[in-house]
Amino acid sequence: MNRTDYLKYQPVMAVADYTQVDGQRAYQQEASELSLGLHTMQQDDRMEITAQVGSRTARQEDCTTSEWPIHRILDAAILLCRSIDYFQEAYRQEKLYDPEQPVFDRIPLQGAALSVGFAADHENIEQNIQTFQQVLEEDAHIIGERLRILSRLLEELGH
């Protein structure tokens with residue numbers, strides 16, 4: 001997972017083999033990974049958690065905006081929920097993660113699996129993990145409200 005910093009985006013949680021479960025596009029190599037990471041806002045240097053789909057063929061200038069198919073939005077929501085769940089117990093790990101086992105879960109999906117873990121090859125991953133956890137905690141009320149609404153709506157739909 002090689003990264004550039006031109007967007008001030010630093011991935012923390014990642015599904016590196018996303019091409020295997022990318023909806024109708026599975027195995028077509030359009031999207032190589034799905035990640036949640038830290039993005040520094042230009043206007044006030046505030047950190048936000050954002051989602052990003054990495055593509056092996058995308059040019060940098062094309063990456064500033066993108067339209068996501070619905071299944072990718074849901075995959076990002078799955079990754080977010082699993083990340084929130086992970087960080088509730090992360091304090092048990094000395095570095096908040098195990099560098100020897102950066103992938104901590106495999107979620108069966110579409111005949112393959114979302115391999116959920118950390119973008120461990122990123123040079124500042126340990127600091128980014130701590131910051132990611134802090135931002136999750138700071139935004140817990142905003143995220144939690146949306147998750148409760150989503151949970152209620154899914155229940156109403158019979159899911």
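## Starting in helix 1

A77 has its place in helix 1. At 27% relative accessibility, A77 counts as partly exposed, because buried means under 20% and exposed means over 50%. Although A77 and L147 are 70 residues apart in sequence, their C-alpha atoms are 9.3 Å apart in space. Please keep in mind as you read that this is a predicted model.

Helix 1 covers residues 70–87, and I73 lies in it too. With a relative accessible area of 44%, I73 is partly exposed. Together, I70, I73 and L74 make a nonpolar surface patch of about 300 Å².

## The overall plan

How many helices and strands does the chain have? The secondary structure comes to 3 helices and 5 strands. Read from the N terminus on, the elements run β-β-β-α-β-β-α-α. The chain has 159 residues, and buried residues make up 36% of them.

## The sheet

The 5 strands form an open sheet with antiparallel pairing, in the order 3-2-1-5-4. Its edge strands are strand 3 (47–54) and strand 4 (103–109), each of which pairs on one side only. On average, and with direction ignored, neighbouring strands of this sheet are turned by 30° against each other. As background, strands of a sheet pair through backbone hydrogen bonds, either parallel or antiparallel.

Let us follow some of these pairings. Strand 2 (residues 33–40) runs antiparallel to strand 3, and 8 bridges join the two. One of the residues to look for is T40, whose bridge partner in strand 3 is M47. Strand 2 and strand 3 form a hairpin with 6 residues between them. In the turn, D45 has a positive phi of about 60°.

Is strand 1 (residues 9–15) mostly covered or mostly open? Strand 1 is mostly covered, with 6 of its 7 residues buried. Strand 1 pairs with strand 2 in the antiparallel sense over 6 bridges, and 3 bridges join strand 1 to strand 5, again antiparallel. M13 is a handy residue for seeing both pairings: its bridge partner in strand 2 is L36, and M13 stands opposite F118 in strand 5.

## A cluster of rings

A pair of aromatic rings is described by the distance of the centres and the angle of the planes. The count in this model comes to 7 aromatic pairs. One of them is Y86 with F87, an edge-to-face pair with 5.5 Å from centre to centre and 90° between the planes. Y86 is buried, with a relative accessible area of 12%, and F87 is buried as well, at 7%.

Why is the pair of F87 and F118 edge-to-face? The planes of these rings stand at 90°, with the centres 6.2 Å apart, and planes over 60 degrees apart count as edge-to-face. F87 lies in helix 1 and F118 in strand 5 (residues 112–118), so this pair ties together parts that are 31 residues apart in sequence. F118 is buried, just as F87 is. Stepping back, ring pairs link Y86, F87, Y97, F104, F118 and F132 into a cluster.

## Charged partners

Side chains of opposite charge can pair when their charged atoms come close. The model has 7 salt bridges by count. D85 forms one of them with R82, where the closest N and O atoms are 3.0 Å apart. D85 and R82 are separated by about one helical turn, because they are 3 residues apart in helix 1. D85 counts as partly exposed at 41% relative accessibility, whereas R82, at 19%, counts as buried. R82 and D85 also belong to a network of salt bridges with D105.

Another salt bridge is found in helix 3 (residues 140–156), where R152 and E156 lie 4 residues apart, about one turn of the helix. Their side chains meet at 3.1 Å, N to O. R152 is partly exposed at 44% relative accessibility, and E156 is exposed at 55%.

R146 and E145 form a salt bridge too, with their closest N and O atoms 3.9 Å apart. R146 counts as exposed at 52% relative accessibility. E145, at 42%, counts as partly exposed.

Conventions: Residues are numbered from 1 along each chain as its sequence is written. This is a predicted model: local features need pLDDT of at least 70, side-chain atom pairs count only at pLDDT 80 or more; totals for chains, interfaces and linings use all residues. Side-chain values use heavy atoms; hydrogens and water are left out. Patches are made of residues with over 30% relative accessible area and no salt bridge: like charges are joined within 9 Å, nonpolar side chains (Val, Leu, Ile, Met, Phe, Trp, Tyr) within 5 Å. Accessible areas come from the Shrake-Rupley method with a 1.4 Å probe; for residues, only the protein chains shown count as cover. A salt bridge is a side-chain nitrogen of Lys or Arg within 4 Å of a carboxyl oxygen of Asp or Glu. Buried means under 20% relative accessible area, exposed over 50%, partly exposed in between (1.4 Å probe, protein chains only). Rings of Phe, Tyr and Trp (its six-membered ring) pair if their centres lie within 6.5 Å; planes under 30 degrees apart count as stacked, over 60 as edge-to-face and the rest as tilted. Two strands pair if DSSP finds at least two bridges between them. Axes are lines fitted to C-alpha atoms, for helices over the stretch in contact, and angles run from 0 to 180 degrees between N-to-C directions.
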